[in-house]
Every structure is written in C-alpha cells, then in structure tokens.
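Biologist: I'm new to this one. Could you show me how to read a few of its features?

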Amino acid sequence: MRGFACAHAEKRHRLDRTFSSLSKKDCIGRYYSKDAKYRPFSALLPEGSSGKMLYVKLVLVLLMCGSFMGLLHSPSIHLADEHHHTQPAAVSKASWMSHPDAPNAGYASSLKIDWSHMESAVGHVAPPAEGGGGGLRLRVALLNFDASEVEQWRARLPHTDATTVHLPHVGSNVTWNHLYPEWIDEEELYGKPSCPDLPAPAPPPEPYDVVAVKLPCGRAASWSKDVARLHLQLAAARLAARHGAPPASAAAHVLVVSRCFPMPNLLKCRDEVAPARRGDVWLYKPDAAELDRKLALPVGSCQLAMPFAALAGSPPHASPAAAPPRREAYATILHSEKLYACGALVAATSLRLAAGGSSSQRDMVALVDETVGERHRAALTAAGWKVRPIRRIRNPRASRDAYNEWNYSKFWLWALTDYDRVIFLDADLLVQRDMSPLFAMPEVSATGNAASYFNSGVMVVEPSECTFRLLERHVGDIESYNGGDQGYLNEVFAWWHRLPSHANYMKHFWEGDTPERTDAKRKVLGAHPPVAMAVHFVGMKPWFCFRDYDCNWNVPELRQFASDEAHARWWEAHDAMPVGLRGFCLLDERQKALLRWDVARAKEANASDGHWRVRIADPRRRICAGGGEGEGCREREIAGREVEGNRITTSYAKLIANF
C-alpha cells in the first residue's frame with residue numbers, strides 16, 4: 001500500500017488491543033454501553049457495608065497474599081503451577097511445561113537427558129548388532145549438546161559415529177521482534193526488507209544418518225518465541241535436508257530432545273517415527289524436498305514469503321509438484337447462524353465471482369456447529385459451501401457466553417485431511433480477487449497483525465490429524481495473548497510466513513494515520529478493478545447496518561472501522577446472490593431500533609462526518625425479519641426495543657460480535 005511509512009508505525013494502536021476493549025462492550029450490530037459508577041474496592045464489600053469493613057478485609061487479603069507468595073516460591077511447587085487458569089487434567093498432558101528452563105537461558109537447556117529414551121529412538125533408525133560388533137554404524141550430528149552429554153552419547157551408543165556440529169550463536173541484539181516486526185515495507189518504496197542473519201552450520205564432508213538437536217524450552221508464556229530455539233531447529237532441518245544419507249532424495253532422521261514440542265509446521269507430527277516417541281525425545285523422518293522448500297522461505301516475517309507482485313500470479317516458492325486442485329479447498333467456520341450466516345453466504349458469492357473459472361476446481365467447505373440449524377445449512381449449501389458438522393471446542397479461559405467461548409473450534413480445520421492444503425477465510429471477509437495463488441504457500445502463511453503476530457482471518461494450513469490432536473491437547477496449558485484462537489495459534493505456529501497485507505486487507509484506519517495514508521487506504525478499498533485480494537470487515541458488519549452507508553460512522557468508538565467504499569462493495573456482492581438467499585441478511589426489529597438510536601446520538605453530537613443526515617432508503621427497514629411489514633413491523637420494533645436511558649439491557653449484551 002502506498003504511503004505505509006515506517007515513521008507512523010509506532011503511533012498506531014494495536015488492533016488486538018482495540019478489539020479486546022470493544023469485545024467487553026455490549027455490541028453486535030451496534031456499540032454503546034454506559035459505564036457503571038466507579039466504587040474503589042467495591043468488590044471487597046457487600047452492598048451497604050461500612051468503610052471500616054473495607055480495611056479489615058484489606059488486611060485479610062494482604063495476609064492471604066503473603067501466605068500464597070510464600071507457598072508459590074516453595075521448591076516443591078513447579079513454575080508451571082503459576083498458571084492459575086490451567087485445568088488439573090492438563091498437567092499430565094503437557095509435562096514439558098512442568099519444569100521450564102531458566103528464562104533468557106539462550107541456547108542452554110537444563111533438561112536432564114533420559115538416555116534409555118535416546119537409545120530407544122536411535123534403535124528405530126538402526127538397532128545395534130548383537131554382541132556389539134559389526135552392524136551398521138550411523139553417522140550422527142550432535143547439535144547443542146554439552147561436552148559431558150557428548151561423552152555420554154559415545155559411551156551409551158558406541159555403534160554410532162557421533163560428531164559435534166559447531167553452530168555460531170545469534171547475537172543477543174537479535175530479538176524475536178527483529179525476526180517478526182509489526183510492519184515491513186511490502187512494496188519496497190524505501191528499500192527491500194531484510195532479515196537478520198542466522199548462521200548456518202558447517203556442511204559435513206559426508207552425509208549424516210541422524211541429526212540430533214537439544215532445544216531450550218523457556219517459561220510457558222514465551223517458550224515458542226525464542227530466537228535460539230528457532231535457530232537450532234532451522235539448523236537441524238538444514239543439516240537433515242541438504243546433507244541427508246543416500247539416496248540423494250532422502251533426508252536424515254531428526255532427533256529432538258526438548259520439553260516443548262518442536263515447530264509443528266517444520267518438523268511435522270505426521271513425520272514422527274512411531275512408536276519412537278518417548279518422554280522428551282522426538283524422532284522424525286522428514287521429506288528432504290519439503291524441508292528444502294521451507295528452508296528457502298525467509299527466516300521470519302521480516303520479509304514477505306510471497307512478494308507483493310506475486311498476488312497476481314504464482315509465488316516464487318510454489319512447489320513444482322503441488323497437489324492437484326481437488327486436494328485443495330477454501331474453508332470457513334460458523335459458530336452462530338444469527339451472527340455470521342449472512343456473512344458466509346456473501347463470502348461464498350464473492351469467492352466464486354473472484355475465482356472465475358477456477359471456482360469449480362476447488363471445494364468450499366463450511367464447518368458448522370450445532371447452533372446452526374437446518375434452514376441455514378441448506379442456505380449455505382445453496383451458496384456453494386459443502387457443509388460439515390463439527391463438535392464445538394471450548395476455550396477454557398473464556399467467560400461463559402463470551403464472544404470467544406467457542407472459537408477454538410477453528411482447530412477443526414486441521415481435521416480436513418481429505419485436503420492437502422486449505423485456505424481459511426473468516427465469514428466477515430469479502431473476496432475481490434482470485435486467491436488461488438495462496439495455495440502454493442506453506443503452513444502457516446498469513447498477514448501480519450499487531451506486534452509479532454499474524455492475523456488468523458486468512459490462513460494457509462496443511463490438515464493433519466495429529467496436528468489437530470496436538471492443538472486440542474494443549475488448550476489448558478498454552479496461553480493466548482488475546483484470549484482467543486488467534487493468540488493460541490500464534491503460540492503453536494510461532495514460525496509463520498508473511499503474506500502481503502492485500503491478501504487480508506483490514507478495514508481499519510489507525511489513529512496515527514496521516515491524511516495521505518487514510519486517503520491511500522480508502523483508494524485501496526474503493527479501487528475498480530479491486531486491488532486487495534480480500535477485505536476484512538472488522539467493526540460492525542455490513543449486514544448489521546442499513547445499506548445506505550457504513551453505520552460505524554455513527555458510533556465514536558467505531559469510526560476507525562468506517563468505510564463507505566468497502567461497505568458499498570460488500571453490498572454489490574450481496575446483490576449478486578440469488579434472491580432467495582438475501583432473506584438471510586434481513587435486520588431484526590431490535591437491530592433497526594438500535595441503528596436509529598445511534599443515528600439520533602450522532603445527530604445530537606452533530607458528528608462532523610454528517611452521515612446522520614442521510615435519508616435511509618434501505619428496503620429492509622420495512623421488512624420484518626420474522627415476516628410481514630408496515631405497522632405490524634413497527635409495533636414489533638417498539639416491543640423488542642430494550643433501551644434504558646443510555647444503555648442496552650443485559651439480555652441483548654449476550655449477543656456480542658467477535659470483532
């Protein structure tokens with residue numbers, strides 16, 4: 001995008017921080033909540049209590065905190081127990097979280113090796129000959145083992161030729177944010193983005209049979225985003241892929257020693273040698289060609305994995321042996337027919353229009369849970385989605401009835417194992433250009449979001465049953481930075497690959513944007529022919545507004561998401577749907593009342609954008625979502641309105657949109 005100047009990057013609000021604050025309000029198709037009167041320490045006092053009671057309770061709380069801190073620092077308490085949200089059942093599922101290495105330990109690992117597990121793993125590559133003589137001698141590369149561990153290896157595994165591999169360490173001045181910056185100059189207006197150098201291991205004179213690497217595992221909150229850990233895994237993959245044992249197409253086995261699981265999109269769980277896994281030891285037999293393709297990608301998101309110009313064609317990292325289209329699919333997920341069915345119907349229409357002739361070559365799959373009824377499932381089928389029922393997966397840290405309570409259901413994408421590659425699309429996306437070039441990208445490819453994280457609204461994933469089980473298994477012990485699926489997936493897939501922002505263009509205008517920058521964004525959103533592959537409708541969704549203009553304008557907190565250009569483009573796709581499907585995008589009477597209420601507030605404030613002056617002509621204003629029109633519809637609107645002064649009642653607050 002033009003004018004995306006780095007000088008303004010640090011002035012922008014974090015999008016996730018914005019969404020986090022919005023999601024706590026009473027909103028779905030509108031936004032307003034009157035703050036309750038603030039009473040300091042009111043949570044400590046019952047209604048009507050005196051001030052003296054406050055001080056007594058404060059003393060008791062301080063005494064309890066002191067006792068708790070003493071217990072917490074007891075040697076008998078593991079560091080992993082600090083996670084007060086962790087479910088007891090999750091402890092045995094994630095023993096690697098129970099004894100983390102010291103923080104900021106760099107390449108060092110305090111893990112004590114269980115050599116019986118090592119012997120078992122190596123035995124699956126080539127068992128020692130009986131009597132200790134003869135047999136196949138394995139050439140083994142030892143990466144990040146200390147001197148005593150190397151001696152122990154040679155003593156316990158004498159049938160192997162173990163060689164220590166020197167790997168220069170990355171300087172301490174290189175941080176995760178250097179590898180995964182929030183912003184890069186995608187269009188190379190000021191120069192080509194570059195990544196820090198991660199030194200490569202020296203190539204051996206002869207190929208290895210096994211590459212063994214010991215990985216550090218830091219505290220649970222940041223264990224996956226560690227430069228040393230990433231460097232070691234990439235180095236091990238490089239030794240295995242490019243210097244594997246004959247035949248030339250074969251890769252060496254990779255043996256990983258760590259409390260934390262390796263990067264699942266580099267060393268795939270489907271490549272694990274079963275039943276070699278024991279304790280903290282993993283053994284993989286990866287595909288050399290696949291490793292080579294992954295190692296050709298930038299080390300982090302500090303460079304585009306798919307160049308900006310490649311949006312119109314095949315990216316340079318496309319596999320010459322890519323899967324045929326029948327093994328590729330687009331997918332979306334619905335947790336609520338009331339909130340997102342209309343969006344999914346329009347998304348399907350826009351996807352088919354943008355794909356043109358290629359649309360029939362790839363399936364469109366809609367994963368729906370039990371909250372989506374038969375009527376809406378039939379509509380999704382009519383729109384082109386292949387509907388598949390799923391069981392909801394609860395986010396254990398979400399509040400009951402919160403917008404993110406069931407969004408861990410997104411894990412089911414990895415259960416679509418009849419496809420080699422899937423492009424996930426949020427239901428609030430409008431596809432404007434053919435997205436098939438993304439199928440050549442590996443897992444996980446996505447656009448950047450806030451800080452070092454990717455946005456999960458558009459993702460390239462590679463389904464695998466064991467990856468699905470891995471995601472399910474750790475919901476109780478992996479923290480999500482934003483409390484939802486996006487934060488969770490960013491921890492598991494910390495090594496992700498940056499797509500151009502036009503592949504998932506946010507309808508969002510940062511507070512720090514210059515007028516030139518704002519104008520450039522509006523031009524992208526309104527461009528004919530379109531420039532962005534897909535537009536992501538954050539904020540109030542178009543189907544919850546009158547079609548005359550973007551209703552985000554009428555709410556001060558949501559004006560950052562307002563774009564009449566994008567709003568009009570969405571309605572063009574809506575109108576391209578069969579008439580029978582448009583009925584799923586009607587407004588209920590309460591929503592109409594709330595929209596009119598927002599207009600009245602904007603008029604009272606004399607909002608400078610002036611949208612409140614627009615005369616509403618949307619024909620849906622006179623159609624009841626439950627059938628009928630005219631005065632009967634108006635009566636239902638009045639009866640359904642639950643506005644008390646300047647706030648919406650709790651019953652309506654339960655319907656919260658996932659921003």
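Modeller: Sure, starting with a term: a residue is buried if its relative accessible area is under 20%, exposed if over 50%, and partly exposed in between, using a 1.4 Å probe and protein chains only. Helices (H or I, at least four residues) and strands (E, at least two) are DSSP runs, numbered from the N terminus. This is a predicted model, where local features need pLDDT of at least 70, side-chain atom pairs count only at pLDDT 80 or more, and totals for chains, interfaces and linings use all residues. Residues are numbered from 1 along each chain as its sequence is written, and side-chain values use heavy atoms, leaving out hydrogens and water.

Biologist: Which residues of helix α11 are buried?

Modeller: In α11 (residues 465-473), they are Cys466, Thr467, Phe468, Leu470 and Leu471. Contact means heavy atoms within 4.5 Å, and the buried residues of α11 pack against α12 (485-492).

Biologist: Why do the buried residues of α10 sit on the same side of the helix?

Modeller: An α-helix has 3.6 residues a turn, so residues three or four places apart point the same way. In α10 (residues 374-383), the buried ones are His376, Arg377, Ala379, Leu380 and Ala383. They cover an arc of only 160° around the axis, so they end up on the same side of α10. That arc is taken from the directions from the helix axis to the C-beta atoms. Glu374, Arg375 and Ala382 are exposed, on the face turned away from the buried side.

Biologist: What covers the buried residues of α10?

Modeller: The cover includes strands β6 (328-334), β7 (363-368) and β8 (386-389), along with helices α9 (337-355) and α15 (579-582). Just after α10, look for Gly384, with a positive phi of about 115°.

Biologist: Now strands. Which strands does β12 pair with?

Modeller: Two strands pair if DSSP finds at least two bridges between them. β12 pairs with β9 (residues 421-425) in the antiparallel sense over 4 bridges, with Leu425 opposite Val458. β11 (residues 445-448) also runs antiparallel to β12, joined by 4 bridges, and here Ala446 has Met459 as its bridge partner. The hairpin of β11 and β12 has 5 residues between the strands, and Ala451 takes a positive phi near 50° there.

Biologist: How many residues of β12 are buried?

Modeller: In β12 (residues 454-461), 8 of 8 are buried.

Biologist: And what is the strand order in the open sheet of 3 strands?

Modeller: The order is β10-β15-β14, with mixed pairing. β10 (429-431) and β14 (505-506) are the edge strands, each pairing on one side only. β14 runs parallel to β15 (residues 534-536), joined by 2 bridges, and Met506 has His536 as its bridge partner in β15.
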